[in-house]
Every structure is written in C-alpha cells, then in structure tokens.
Amino acid sequence: MNMTTERNRPAGLAAIDREMARQHADAIASYETAGPMAARAAASLKKTGRLLLIGMGGSHAVNRAVEPLYRGLGIDAVALPLSEQLGQPLSIGGRTIFVTSQSGESAEVVRWFNETGGTPETFGLTLEGSSFLARTAPSLIGSGGTELAFAATRSLTVTFALHLAIIADLGEDPAPALAVLRSPKEHDVAAALAALENVATVVTSGRRLQGVAEALALGLTELSRRPCFSLEGGQLRHGPMEMLGPEIGVVLFRGLDETAGLVTAMAMSAVETGAPVILFDSSSEASVAGAVTIRFAPATGLAAIFAMLPVAQRLMIAFADARVENAGTPVRSTKITRSE
C-alpha cells in the first residue's frame, strides 16, 4: 500500500473492526441461547424486587444503561462500580445481584466473590464461559467468546442482548429491540466527525440514555487518549456548563421518553455556547438548530440503544483515528485489568 495516499489501518482499530462486524450476529445468538438462565435471573428479580448491578469499565456503563429499564419494570435497581461496592458496600442481603465482566476475570470480580462468597441470588453476565465468574456463579454467557480488541464494542452489544433476555422474561416485548439487531441501519457520521474536527475533548450526556453516553465517553477516552467524560444531563446543567465553548464537543443522546424535552433544552443551551453539538436522536422531536443530528427511528429502551450504539462506536473510532497514530493499542493499560 502506498503510505503517502492512505495510512495503514492501525492494528488496534482493525481488531475493533473485526469485533464490530460480528456484534449483531453474536447479540442475536446470545439472546437466543440465554433463555433458561435468563428465566432463573428473572425469577430471582420477581422474588426480591431489588437489583444491584456491579461491574467495572464498559460493564458498569452497560449497568448504568439498563438501570432505568429495570426500574421501569418496578424493580429497585442500583448500578455501582464494583470497586465502590468493595470499599463502601451496599448491603447484599435481599437483593438480586448481577456481576458483569466481559472477561469474567477482573481483579475486583475475583476479590468480591472471595470476600463475600457470593449469594444465592447472584448471577454473572460474561462473554467467557470458562472464566472465574462463569465457574463461580450461575451465569448468562454471551456468544462469540472473549472480546480481543481493547475498547469495548461487541461486548457491550452482547451484554445488552443478555439483559434483553432477562427483561423479556419480566414481561417486556423484545420484538422492537430484536428487529433493530436483525436489520441494523447505516448512518453517516461524516458531518458529526467534521463538527468535532477542532475540539480538544468531548463531553457526552443523556437523561434516560445516560448509560450509553457513559459507554461512549469511556471508549473515546481509551482510544483518543483525551480526557473525554460523561455527565448526566442535570449534572451538566449544574455548573459544568462553564467549560463549554468551541473547543469542547458535546454529544447528546435523546430517546422516545419523557426526558426527551430536557435533552432538547440542553442541546439548545450547548449550541448557544459555540460548542459543536452532536445529537443522537431516537425521539420524535424536531431537530435542534445548530446541532448535527443523527436521526434514528423513534425508539426507547434497548431498541434505541441497539440502534445508536454501533453508530456512536464508529464516530468514536474515527475521532480517535484522526488524533492518535496507533489508536486502539493501549499504552498504559490492558484489556483485562487484573490489578486494583
């Protein structure tokens, strides 16, 4: 290849490309095979009515994204980083506990089970059927094996599919979410990427879709090595608006839910600061003048997440590729974090 006309795709990004190419098929397979264990997890939730979701990194972002979905089904759900649960624990009695780890081997996962012994109402969610987590707790196993690329992409989508199986067992119709997985729609991210061309960093935000915003910020930080971070919409409003301006990109997520109007108001306020604003939009509301809108079919919950997430991932990868020579190859961390 002539390097003067086209730079070779960095190996780390090529690895992510391979994961993303498989993610829809693996997510469907995960949903279809999760049934029996999903039924056990759902039965536990029906019994306890309380859920503690614990994990680290991308797993915690997934937990944050599904937290409102379980609450919407009448379950008292709380998502905490597993490191927090180790250092300042919520009581674990009387709760169903979902321990999420794509590798099933993270240091905090091992220590939590060693220190607590687990509970009869503890379930694992992992991509690795032979992992510590899968051996230690009854677990829902995602299809396709361990994710090899550094930043979480396929592992997020597959873990969401495991949650879809549980939520379906709790009475939610899985059809809209499955339809998105079976026929993913392409969306052009060129205008969004161009809008972010000159920013120093990105802040992501949502309301009910805040967990997706957090997943994107984590991936942006890992791949671009810029301090991109996420603030829930109300939290962004309470003071941190001071940072906004032309050098700070803002990426917002708006779904077909009762918080959509609040996201709209934030988009309008952010545009007024001169910040480039990208709006991932699965609401039925009007576009916001001055924001780059990536519009999806109106949807909420996992249907919205499955539609938006792969497109947000492509934006994240392109953003990093424009800034980092060897994007996708970690220089200060590892895929499986075995130390605390």
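**Exercise 1.** In which loop is Arg 225 found? Determine also whether Arg 225 is buried, partly exposed or exposed.

*Solution.* The structure is a predicted model. Step one is location: Arg 225 sits in the loop between α10 (210–224) and β7 (229–230). Step two concerns the backbone, where Arg 225 has a positive phi of about 60 degrees although it is not a glycine. Step three is accessibility. A relative accessible area under 20% would mean buried and one over 50% exposed; Arg 225 has 33% and is therefore partly exposed.

**Exercise 2.** Describe the open sheet of five strands: what is the strand order, and which strands are the edge strands?

*Solution.* The order is β2-β1-β3-β4-β5, and the pairing is parallel. The edge strands, each pairing on one side only, are β2 (76–81) and β5 (139–141). On average, neighbouring strands of this sheet are turned by 20 degrees against each other, direction ignored. At one edge, β5 pairs with strand β4 (residues 122–126) in the parallel sense over three bridges. Leu 125 has Leu 140 in β5 as its bridge partner.

Helices are then added to the picture. Helix α2 (residues 35–48) packs on the sheet and touches β1 (50–55), β3 (96–100), β4 and β5, its direction making about 140 degrees with that of β3. Helix α5 (residues 107–116) lies across β1, β3 and β4 and runs at about 145 degrees to β3.

**Exercise 3.** Establish how helix α3 (residues 58–72) and helix α7 (residues 154–169) pack, and which residues meet.

*Solution.* The axes are 10 Å apart and form an angle of about 30 degrees. Angles under 35 degrees count as roughly parallel, so α3 and α7 are roughly parallel to each other. The crossing of α3 past α7 is right-handed. On the α3 side the meeting residues include Val 62, Val 66 and Leu 69, and on the α7 side they include Leu 156, Phe 160 and Ile 167. By class, this contact of α3 with α7 comprises nine nonpolar, four polar and no charged residues.

**Exercise 4.** Characterise the surroundings of Arg 71 in helix α3.

*Solution.* Arg 71 is found in helix α3. Its relative accessibility is 46%, so Arg 71 counts as partly exposed. Leaving aside residues up to four places away in sequence, Arg 71 touches Ala 77 and Val 78. Finally, Arg 50 is 21 residues from Arg 71 along the chain, and their C-alpha atoms are separated by 9.3 Å.

Notes: Residues are numbered from 1 along each chain as its sequence is written. This is a predicted model: local features need pLDDT of at least 70, side-chain atom pairs count only at pLDDT 80 or more; totals for chains, interfaces and linings use all residues. Side-chain values use heavy atoms; hydrogens and water are left out. Axes are lines fitted to C-alpha atoms, for helices over the stretch in contact, and angles run from 0 to 180 degrees between N-to-C directions. Helices (H or I, at least four residues) and strands (E, at least two) are DSSP runs, numbered from the N terminus. Angles under 35 degrees count as roughly parallel, over 145 as roughly antiparallel, 65 to 115 as roughly perpendicular and the rest as oblique. A crossing is left-handed if the near helix is turned anticlockwise from the far one by less than a right angle, and right-handed if clockwise. Contact means heavy atoms within 4.5 Å. Ala, Val, Leu, Ile, Met, Phe, Trp, Tyr, Cys and Pro count as nonpolar, Asp, Glu, Lys and Arg as charged, and the others, Gly among them, as polar. Buried means under 20% relative accessible area, exposed over 50%, partly exposed in between (1.4 Å probe, protein chains only). Two strands pair if DSSP finds at least two bridges between them.
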